[in-house]
Amino acid sequence: MILDFFPSKTLALYIARLFVVRMLGVLLMLVLVLQMLDLLGESGKILSQAGNGEAQLWTYVSLRVPQLVARFLPYSALLATILTLATLNQNSEVIAMKAAGLSAHQVLAPLLLAALVISGLSFVFNERVVARASATLKAWQAVDYGKVPANSGDRTNVYLRDGPNVLTAATVSGSGAAMRMEGVTWYRRDSVGAIQEEVKSPHAVFAAPGWRLDAPTSFDVQTLQRRDLAPLVVAQGVTPEQVAISSVDPDGQNIVELAHSISALKANGRRTSELEGKWWHKISGPLSAALMPLLGAVAAFGLARSGQLLIRAVIGMALGFAYFVVDNAALAMGNFGGYPPMIAAWAPFLLFLLIGETVLVQTEE
C-alpha cells in the first residue's frame, strides 16, 4: 500500500470529485464578481462609441472572461484545496484514511492528479482561446471600442523610428506588402528630437519603399496651422519586416507564434529576454494549478479538535499567495535581466514545490 498512491478507486474518485466541484464553484464565483466590477468600469467607454449597445457589452464580456478564467484558475485551485482538505479533516475523514494505512501523499494523490489534468486543460485553453481573446480585446481597445477588429492577429500601438522621425499606428493588420496601418501619426522631428510637424492619417499602406498616408492632415508646430495634404509617402526606411517585430504581444500569441516572434527578433539583434520569460511562463503558469494541492495540504493534517484547523488553513493560503507574489517578482526580475528567462519562469515553481513538500512532512501528525 505504501507504493500504491491510489489503493482505493472509490476513495480517489470521492476526493477528486470534491476538489473539482469546489474549484469550479470558487472559479465561477470569482469570475462573476470580477467580471461585474470590470464591466462597471469599462461600460461607459464602450457605450460612449456611437452605435455601441448591449451587443458590444456582451462582446466585451466574451473577450474578458477567458482572461479572468486563466488568471484566477490557480487561485481557485488553492482555495478549493483548502476547502476540501479542511472539510475532510473536520469530519475526521483524514483520520479514518490514515487509520486505514494511507500516507499523507496517498491522501493528496487524487487532488494532485486532478490538478495536473486541470493544468493540462488550462494550457490548451490558454493557447486556443485566451491568446486569441487577448489579441482581439487589445485591438478593440486600441480603436476605443469602435468597430470590432475582424483579425485577432492585428498588432496594436505600434511605434517605429526612421532616423529622428517617428511613425505610430493604432493597429496594424496583414503582412508583407499587403500590410495596412490604421490610426497613423507621423512626427517629423529635428536633429535634437523636437517635433516640427505632426501628420495624421486614417490609414497607410506600404509604398515600397515607405508608407503612403491617405487623406493626411498636417499640423505645423511653429506656425500652429493645420492643413489638408495630398497623399504623402513617409518613413521610407521602415520595412514591413520591421513593423512585424516592432510590437510583439506575448499574451496575444500562442506558444508557437511567440517562438517565431522571438526568433525573428533575435535575427534582428533585438533583446528578447522578456519574451523568452513569457514563453517559459506559458508552460509554468498553467502548471501552477498542480502545485496548489501541495501548498494547501497543511490544512488536511493535524487534529481538528486541537483548535489549529483555522491556523493551518491560513498557513496554506499564505503559502499559495506567497507563490504568486514570488512568481510575479521573478518574472519582473527576468524582464530587467536579473535572472535568465528560464530561471525566472521556473525557479518559483521548483522553490515552492520543495517548500510544500517540506511543510507537509514537518506538519503531518
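This report describes the helices, nonpolar cores, surface patch, salt bridges and selected local contacts of a predicted model.

## Helix H4 and its end

Helix H4, which covers residues 104-142, does not run straight, for at Asn126 the helix bends by about 45 degrees. Following H4 comes Asp144, a residue with a positive phi, near 55 degrees.

## The nonpolar cores

The largest nonpolar core has 45 residues, and the members that touch the most other members are Phe19, Leu291, Met292 and Tyr323. At least two residues of this core come from each of H1, helix H2 (54-90), helix H3 (93-99), H4, helix H7 (273-295), helix H8 (309-335) and helix H9 (341-363). The greatest contribution to this core is that of H2, which gives nine residues. As background, nonpolar side chains in soluble globular proteins tend to be buried together.

The surroundings of Tyr323 can be given in detail: when residues up to four places away in sequence are not counted, Tyr323 touches Ser284, Ser288, Leu291, Met292, Leu295, Pro348, Phe349 and Phe352. Separate from the core just described, a second core is made of 17 residues, among them Ala169, Met181, Val199 and Trp211.

## A nonpolar patch on the surface

Nonpolar residues also appear at the surface, where Leu28, Met29, Leu32, Val33, Met36, Leu37 and Leu40 make a patch of about 730 Å². One of these residues, Leu37, is found in helix H1, which spans residues 9-47; because its relative accessible area is 54%, above the 50% cut-off, Leu37 is classed as exposed. In general, residues three or four places apart on an α-helix point the same way, because such a helix has 3.6 residues a turn.

## Salt bridges

The model has six salt bridges, of which three are described here. The side chains of Asp38 and Arg64 form one of them, with an N to O distance of 3.2 Å. Because Asp38 lies in helix H1 and Arg64 in helix H2, this pair ties together parts that are 26 residues apart in sequence. Arg64, although it carries a salt bridge, counts as buried at 15% relative accessibility.

Lys138 and Asp251 form another salt bridge through their side chains, at 3.9 Å from N to O. Lys138 belongs to helix H4, whereas Asp251 is in the loop between helix H5 (240-246) and H6, so the pair ties together parts that are 113 residues apart in sequence. Lys138 is partly exposed, at 31% relative accessibility, and Asp251 is likewise partly exposed, with a relative accessible area of 39%.

In a further salt bridge the side chains of Asp214 and Arg212 meet at 3.1 Å, N to O. Here Asp214 counts as buried at 16% relative accessibility, while Arg212, with a relative accessible area of 34%, is partly exposed.

## Two local environments

Thr272 has its place in the loop between helix H6 (255-267) and H7. With a relative accessible area of 7%, Thr272 is buried, and leaving aside its neighbours within four places in sequence, Thr272 is in contact with Ile262, Leu265 and Lys266.

Arg226, by contrast, is found in strand S7, residues 225-228, and counts as exposed at 55% relative accessibility. Not counting residues up to four places away in sequence, Arg226 touches Thr217, Ser218 and Phe219. The C-alpha atom of Arg226 is separated by 9.9 Å from that of Glu197, a residue 29 residues apart from Arg226 along the chain.

Note on methods
Residues numbered from 1 in each chain as written. Predicted model: local features only at pLDDT ≥ 70, side-chain atom pairs only at ≥ 80, totals over all residues. Heavy atoms only, no water. Bend = angle between axes of the 7 residues up to and from the residue. Helix = DSSP H or I, 4+ residues; strand = E, 2+ residues; numbered from the N terminus. Patch = residues over 30% accessible without salt bridge, like charges linked within 9 Å, V, L, I, M, F, W, Y side chains within 5 Å. Areas by Shrake-Rupley, 256 points an atom, 1.4 Å probe, with all protein chains shown as cover. Salt bridge = Lys/Arg side-chain N within 4 Å of Asp/Glu carboxyl O. Buried < 20%, exposed > 50% of the residue type's maximum accessible area, 1.4 Å probe, protein only. Core = buried A, V, L, I, M, F, W, Y, C linked by side-chain atoms within 4.5 Å. Contact = heavy atoms within 4.5 Å.
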